[in-house]
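Hi,

Here is the structure I said I would pass on to you. Have a look through it first, and my notes follow below.

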Amino acid sequence: MGARVLVAEDEAPMRERLVQQLGEVWPSATIVAVADNGLDAWDAYLEHEPDVAFLDIRMPGMSGLDLAARMSGFGVGQATAPVRIVFVTAYDQYAIEAFDRGAVDYLLKPIERGRLARTVARLEQGTPATDDLAGVLRALRASGKGPAYTKRIKASVGRRIHFIDVDDVLYFQADTKYTRVVYSGGEALIRTALRELLVRLDPESFWQIHRNAVVNVRAIAAAERVDSDRTEVILKGSNDRLTVSRAFLHLFKE
Amino acid sequence: MNPLRRLYLGYRAWEDDYIALLDALDAGRPVDASWARSAYRRKAVRTFEQMSRTERAQFRDFVWRFRGWRGLACLGGLLVANCVLGLVVHLTWPQFGPYEAIALVNMIVLCCALGIVKAWFGARRFLSLSPRKLLFVLLLGMLGGLVGGTLAALSKGEAPLDFIRRAGVTIAIGGSIAGAVYLAAVGLLAGLRNRELAALNAKLAAESERERLSTQLVESRLRLLQAQVEPHFLFNTLGAVQQLAERGAPEAAALTGHLIRFLRSSMGSFRPESTTLDAELGLIDSYLQIMQMRLGRRLAFRIDASPELRRAPIRPTLLITLVENAVKHGIEPYPAGGTIGVTASAEADTLILEVADTGTGMAELPGSGQGLANVREQLALAYGNRAGLELFDNTPHGVVARLHLPRE
């Protein structure tokens, strides 16, 4: 079976071009999803669990770097993403230098066919990734080029507005258009959808473990395999158990 | 060695020491440690430190011009002239003996010369004369009169006490009047000199300020230019052109045309000091056309200005920076995209240029600071406080940036 590919690029001409070129140099691959912003790309990733993701760095909603951080379970060190990531950029000097140092694959826009063919050849060989994605992402964050993450969340409970420190949050759970916040002092509902909230949370501290759940890494006590296709997270300071979807099982492998 | 020569060399060394001190103070270098050796030397350093920069520089030039034998020759010349003047005084008013007259003239002239030098190079300090100093000079004048009178009496064989009893009051009054006249004259000189120095300082300060402003203007325009044709923009646009061309789409030629227009006017906009609103709106139109082809339906825009207002002269790069900000920080990060409206209007003698977007809004604008800081800097440099930039929230979301410029 050919590789399943996700393409995330916000500018239409570039997106068309990449899709078209991939069709030419990698006929065995299937493009399972095309996204024009970071949020849709993340949703598509959760839905399709692709093998390869081409991620534009500058995108509305969530940057390619943040997407990669979330896909790879950033923060656990050597965890490798179940997806091979190829960054796409027109010109991001800092990122390019970091990619070169960490042997992370990237394509420069406008993309040259020959360069794309070499990348595809590497991907097709199926050799496990030897790059240092986590190191590169960490270096880029340290350089202060990353987004600013939320430190506090405002939530109304009855007639009061609570200020919740994100460090006190155990987990967030999607509840239709709302998000349920479970924290050390109780729980609250906020009017922001989980996917929009996710963008503002530090991927090093908060992991999405299911389409409807984002957990604070520090609140995780254990992960338990309940049966052959069900793993649950056991939390510190709460009796709630959260289900881990298949796409995120790699976060809990030794 | 000839003792006279040794004396001269000692004098030269003393002089060089002072010139070195003045040079060090002028260059802001630390003063040689030898200057802390005695109270007298420390006081000299303090005196020079209290002078203004210009005064000190002029004093240094003065010392340099009269260094070595030149100064001594001048002093000698002055003494000879004083002696001649003394003899003339003696011949005109025979009641003054020849030595008396010579001593008197020398004393007066040398005192005045010293006073003039001090007032000339320390005008500021001289004007801040304290009542105590004033009294001191008056007393000194009186004392000088009395001592001189007594000596004169002695030379005539009169007992000093008898003389003081006879003419003491007159001499004391005369002495203090002489002191006051001396003070008034030298004070007047100091006052004139101070005004001259103040004017000179103001001129120098104005010049250096102008210099600083023009450098800043050039630098800030350079920064704006660099921000305008950033590689990210260029490569993405070229990529779009390539894609359209490969597909054989007619938009390829149009996009190339917009890019050429944008590049040409943004390169050109570095050169002129001023452009017309019309030319600037042309540049903005090219830029927004390009971005629209790249972002597709995520970007809509309209430009609205009357033909009369389009003729208004404006500084280049101000408005385009605001438009770029609106795209980069308003529309691009906002998944749904939005509309950008550029409008020109006039109110009395103010030209109002507005860039309104319906993008992501101000709360989430990381990194937009630099562009706006550049615009503010440009405004201040070009128009002083006659121009302004306001930012406020658009409804339901997005940002409005409003420029107020004086109509020229």
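Keep in mind that this is a predicted model. I started with a pair of strands in chain B: β2(B) runs parallel to β4 (residues 338-347) of chain B, and six bridges link the two. If you want a spot to zoom in on, find B:Ile303, which sits opposite B:Val342 in β4(B).

That pair belongs to an open sheet of five strands in chain B, ordered β2-β4-β5-β7-β6, with mixed pairing. At its edges are β2 (299-304) and β6 (388-393) of chain B, each paired on one side only. On average, neighbouring strands in this sheet are turned by 15 degrees against each other, ignoring direction. Helix α11 (residues 277-295) of chain B packs on the sheet and touches β2, β4 and β5 (350-357) of chain B. The direction of α11 makes about 165 degrees with that of β2(B).

Now for the nonpolar cores. The largest has 66 residues, and the ones touching the most other members are A:Trp42, A:Leu55, A:Met71, A:Phe87, A:Phe99 and A:Phe172. Helix α2 (residues 38-48) of chain A is the top contributor, giving six residues. Domain 1 (4-142) and domain 2 (152-252) of chain A both supply residues, so this core lies between them.

A:Phe172 is worth a click: leaving out residues up to four places away in sequence, its contacts include A:Ile153, A:Leu194, A:Phe206 and A:Val214. Apart from the largest core there is another one, of 48 residues, including B:Ala252, B:Ile314, B:Val375 and B:Leu403.

Cheers

Conventions:
Residues numbered from 1 in each chain as written. Chains lettered and ligands numbered in written order. Predicted model: local features only at pLDDT ≥ 70, side-chain atom pairs only at ≥ 80, totals over all residues. Heavy atoms only, no water. Pairing = 2+ DSSP bridges. Helix = DSSP H or I, 4+ residues; strand = E, 2+ residues; numbered from the N terminus. Axes fitted to C-alpha atoms, helices over the stretch in contact; angles between N-to-C directions. Contact = heavy atoms within 4.5 Å. Core = buried A, V, L, I, M, F, W, Y, C linked by side-chain atoms within 4.5 Å. Buried < 20%, exposed > 50% of the residue type's maximum accessible area, 1.4 Å probe, protein only. Domains from an automatic or database assignment.
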